[in-house]
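Me: I want the reasoning behind the labels in this structure. Give me the value, then the cut-off, then the verdict.

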Amino acid sequence: MEDFEDDPRALGARGHRRSVSRGSYQLQAQMNRAVYEDRPPGSVVPTSAAEASRAMAGDTSLSENYAFAGMYHVFDQHVDEAVPRVRFANDDRHRLACCSLDGSISLCQLVPAPPTVLRVLRGHTRGVSDFAWSLSNDILVSTSLDATMRIWASEDGRCIREIPDPDGAELLCCTFQPVNNNLTVVGNAKHNVHVMNISTGKKVKGGSSKLTGRVLALSFDAPGRLLWAGDDRGSVFSFLFDMATGKLTKAKRLVVHEGSPVTSISARSWVSREARDPSLLINACLNKLLLYRVVDNEGTLQLKRSFPIEQSSHPVRSIFCPLMSFRQGACVVTGSEDMCVHFFDVERAAKAAVNKLQGHSAPVLDVSFNCDESLLASSDASGMVIVWRREQKGRQTPYCKDVSRSRLEGPMVRN
């Protein structure tokens with residue numbers, strides 16, 4: 001990776017994030033700092049002595065853990081336009097949202113049965129490229145090809161604020177600063193990353209930087225001190241984030257593959273006493289899913305391994321499984337242009353594929369687990385969102401007799 005000019009204020013900065021409650025976040029940040037200050041080399045898989053951790057997730061194999069019983073529900077309110085992003089709410093089992101290139105965002109509820117679309121948020125005049133839940137799930141931020149970002153109240157769907165892009169460019173991605181949700185980072189088509197204050201609607205002084213191409217993907221580490229940004233020229237940049245001011249300092253650059261768009265970045269700090277290897281998961285239109293180790297506190301990346309998928313042109317995304325730190329192995333999930341959802345064991349030397357879900361009729365663009373991994377949502381280029389139900393031996397999941405399709409049972413919210 002390339003080095004950029006050092007900033008003395010960045011010394012000591014440390015770097016999918018796991019969603020946590022406000023009360024537990026400080027503890028997690030302390031654990032993450034310990035990872036960088038005293039991190040021994042070794043495997044990311046919990047050791048055989050981790051009986052307490054394994055008990056939280058069940059003492060079964062990875063293949064058994066990720067066996068799915070079939071489709072739980074199909075949402076098709078955005079059919080005919082791609083759904084580039086689907087996300088469960090933080091620490092939530094049954095609230096789900098998705099955005100569409102038709103210019104809207106759907107807020108969905110999976111229980112009580114039957115699953116319903118609570119409301120559709122309308123206001124963007126062009127396709128919605130990305131969105132994110134705040135830590136407490138009370139607001140959502142969305143970015144659009146209409147060169148604006150919008151702040152929404154999740155409870156009633158009101159548009160609280162509309163903020164134009166500082167460059168007047170298409171906005172392509174966004175993410176909340178994990179410690180300070182008053183700050184949101186956006187990436188645009190004019191190659192710029194901006195830190196925005198959503199209360200004032202203004203960009204933060206010193207919180208902008210230029211990449212080599214259109215900014216397609218963003219991800220913070222869990223403490224919020226490191227930010228990675230990927231562009232359509234194949235580069236991933238790391239930035240040191242000043243927690244006090246919101247200023248960005250460019251640190252490292254990795255060329256994943258010249259000319260191959262980086263469509264997804266997901267960071268995970270592997271916080272547990274047994275698995276202490278911070279990692280980054282990257283999709284980059286190379287027909288591969290790439291797993292990198294984060295080797296220092298400036299976000300330097302080292303390729304650990306890759307997994308075969310089909311991705312040459314679509315903006316496919318991937319995630320770390322939320323409970324992987326407690327499994328007898330570590331699993332990642334990705335969309336693919338072969339219309340399947342793929343699961344891989346990152347530590348299995350051979351035959352890393354754990355499972356493959358078939359049911360989509362178009363390239364799968366995004367995937368999202370709920371907090372306890374009982375449900376997985378996937379979205380595709382035709383506008384379909386499928387919620388998959390994981391097998392749970394000895395437990396009966398409600399509403400699983402038949403696959404049903406959603407009906408809009410809440411108001412359409414237009415701002």
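Reply: Agreed. Keep in mind that this is a predicted model. We can begin with L280, which sits in strand β20 (residues 279–283).

Me: Why is L280 called buried?

Reply: Its relative accessibility is 0%. Buried means under 20%, so L280 counts as buried.

Me: What is L280 in contact with, leaving aside neighbours within four places in sequence?

Reply: The contacts are W228, I265, S266, A267, L290, L291, Y292, V294, L301 and F320. For Y292, there is also a backbone value: its C-alpha atom is 5.1 Å from that of L280, with the two positions 12 residues apart along the chain.

Me: V294 and L301 are both on that list. How do they relate to each other in the strand pairing?

Reply: They are bridge partners, with L301 in β22. Strands β21 (residues 288–294) and β22 (residues 301–308) are antiparallel and share 7 bridges. Two strands pair if there are at least two bridges, so these two count as paired.

Me: What do β21 and β22 form, and what marks G299?

Reply: They form a hairpin, with 6 residues between the strands. G299 lies in the turn and has a positive phi of about 85°.

Me: Next, S219. Is it buried or exposed?

Reply: S219 is in strand β15. Its relative accessible area is 5%. The limit for buried is under 20%, so S219 is buried.

Me: What makes the approach of S219 to A267 a polar contact?

Reply: A polar atom of the S219 side chain lies 3.2 Å from the backbone nitrogen of A267. The cut-off is within 3.5 Å, so the distance passes. Beyond four places in sequence, S219 touches L226, L227, W228, I265, S266 and A267.

Me: Where is T263, and how do you know that it is buried?

Reply: T263 is in the loop between β18 (248–255) and β19 (264–268). Its relative accessibility is 5%. That falls under 20%, so T263 counts as buried.

Me: Which polar partners does the T263 side chain have?

Reply: One is the side chain of Q311, at 2.9 Å. Another is the backbone oxygen of V316, at 2.7 Å. Q311 and V316 also appear among the residues in contact with T263, as does A217. The C-alpha atoms of T263 and A217 are 5.7 Å apart, although 46 residues separate them in sequence.

Me: Turn to the rings. How many aromatic pairs does the structure hold?

Reply: A search of the whole structure finds 6.

Me: Why is the pair of Y66 and F343 called tilted?

Reply: The ring centres are 5.8 Å apart and the planes meet at 35°. Pairing needs centres within 6.5 Å. Planes under 30 degrees apart would be stacked, and over 60 edge-to-face. An angle of 35° fits neither class, so the pair is tilted. Y66 lies in the loop between α3 (62–65) and β2 (68–75), and F343 in strand β25 (residues 340–345), 277 residues apart. Both are buried.

Me: What makes the F220 and F241 pair edge-to-face?

Reply: The planes are 85° apart, with 5.4 Å from centre to centre. The angle is over 60 and the distance within 6.5 Å, so both tests are met. F220 is in strand β15 (residues 215–220) and F241 in strand β17 (residues 235–241), so the pair ties together parts 21 residues apart in sequence. Both rings belong to buried residues.

Me: Which residues share an aromatic cluster with Y66?

Reply: F68, F343 and F369. F369 also stands opposite L376 in β28.

Me: Why do β2 and β27 (364–369) count as edge strands?

Reply: The open sheet has 4 strands, ordered β2-β29-β28-β27, with antiparallel pairing. β2 and β27 each have a single partner, so one side of each is left without a neighbour in the sheet. Neighbouring strands here are turned by 25° against each other on average, direction ignored.

Me: And S379 in β28: why buried?

Reply: Its relative accessibility is 0%, so S379 counts as buried. Its side chain reaches the backbone oxygen of V83 at 2.8 Å.

Note on methods: Residues numbered from 1 in each chain as written. Predicted model: local features only at pLDDT ≥ 70, side-chain atom pairs only at ≥ 80, totals over all residues. Heavy atoms only, no water. Buried < 20%, exposed > 50% of the residue type's maximum accessible area, 1.4 Å probe, protein only. Polar contact = N/O pair within 3.5 Å; in protein donor to acceptor, adjacent residues only side chain to side chain. Contact = heavy atoms within 4.5 Å. Axes fitted to C-alpha atoms, helices over the stretch in contact; angles between N-to-C directions.
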